[in-house]
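Me: I am new to reading structures. Please walk me through this one, and explain each term as we reach it.

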Amino acid sequence: MKNQFTIYMLLLMIAIIVSGCASPAKMENMTISSENWGQYEGSEQLKENIFVDNVSGGSGTNPLWTSEISSEDFKQALINSLADAQLLDKLSENSDYSLNAVLVEVDQPILGASMTVTTIVTYSLVNNETKEEIFYKEITAPYTAEWNDAFLGVERLRLANEGSARENIKSLIEELYDVKLE
């Protein structure tokens, strides 16, 4: 019986080592780069005139559990992406508009060969002068990391988290480009 317990413990330790430790979604892999945008196509009132105010709802990663998206990393990815899309006001105190985001849900698989993560984020754009909400949108964005993208499941999950966040931010920018202001 003692031998059997030792074998089970050894197998459990090997499984933990082989599965690896979870790492958080990386900000730079959630960012949309300027090469995706080309010429600015949005409203002139929004061009370089948005301040990213509050981002909430993210979670820190427990290395022994699963990869997560932190609010801080998502906010920085959002800032960098809006800057590359020519929507971010670099001097925030002069912005006419403030953007708030809430990571409502990050739907992740527990395991699998290919892993699909879906992020649901609500965005609110507020006119800083009138305090009127001029844009509100809940964006759902799935992304699948295929089995051959990474050997370890925890790495595929991180890649799927990053891809889903990146697609969500990309959809937001497309939506902001379509906002028509009076």
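Me: Which residue of β2 stands opposite V55?

Reply: It is A101. The model is predicted, so local features need pLDDT of at least 70 and side-chain atom pairs count only at pLDDT 80 or more, while totals for chains, interfaces and linings use all residues. Residues are numbered from 1 along each chain as its sequence is written, and side-chain values use heavy atoms, leaving out hydrogens and water.

Me: What makes β1 and β2 a pair?

Reply: Two strands pair if DSSP finds at least two bridges between them. β1 and β2 (residues 97-107) have six, in the parallel sense. Six meets the cut-off, so they pair. Another match across them puts V52 opposite L99.

Me: What counts as a strand or a helix here, and how many of each does the protein chain have?

Reply: Both are DSSP runs, numbered from the N terminus: helices are H or I with at least four residues, strands are E with at least two. The protein chain has four helices and four strands. From the N terminus on, the order is α-α-β-α-β-β-β-α.

Me: How are the four strands of the open sheet ordered?

Reply: The order is β1-β2-β3-β4, and the pairing is mixed. β1 (50-56) and β4 (133-145) each pair on one side only, as edge strands. Direction ignored, neighbouring strands are turned by 25° against each other on average.

Me: How do you know that β3 pairs with β2?

Reply: The two are joined by 10 bridges and run antiparallel. That passes the cut-off of the pairing rule, so they pair. One match sets A101 opposite Y123 in β3. β3 also pairs with β4, antiparallel over 12 bridges. There, S124 has Y136 as its bridge partner. β3 and β4 form a hairpin with five residues between them, and K131 in the turn has a positive phi of about 65°.

Me: Why is T118 called buried?

Reply: Buried means under 20% relative accessible area; exposed is over 50%, and partly exposed lies in between (1.4 Å probe, protein chains only). T118 has 17%, so it is buried. T118 sits in β3. In the protein chain, 39% of the 182 residues count as buried.

Me: Which residues is T118 in contact with, leaving aside neighbours within four places in sequence?

Reply: They are E105, V106, D107, T140, A141, P142 and S164. Contact means heavy atoms within 4.5 Å.

Me: What makes a nonpolar core, and which residues touch the most other members of the largest one?

Reply: A nonpolar core is a set of buried Ala, Val, Leu, Ile, Met, Phe, Trp, Tyr and Cys residues joined through side-chain atoms within 4.5 Å. The largest has 31 residues, and I50, F74, L78, L82, L87, Y123 and L176 touch the most other members. β1, α3, β2, β3, β4 and α4 (153-178) each supply at least two residues. The largest share, six residues, comes from α4. A second, separate core has five residues, including M115, A145, L157 and A160.

Me: Where does α3 lie?

Reply: Helix α3 (residues 71-84) lies across β1, β2 and β3 (115-127). The helix runs at about 160° to β1. Axes are lines fitted to C-alpha atoms, for helices over the stretch in contact, and angles run from 0 to 180 degrees between N-to-C directions.
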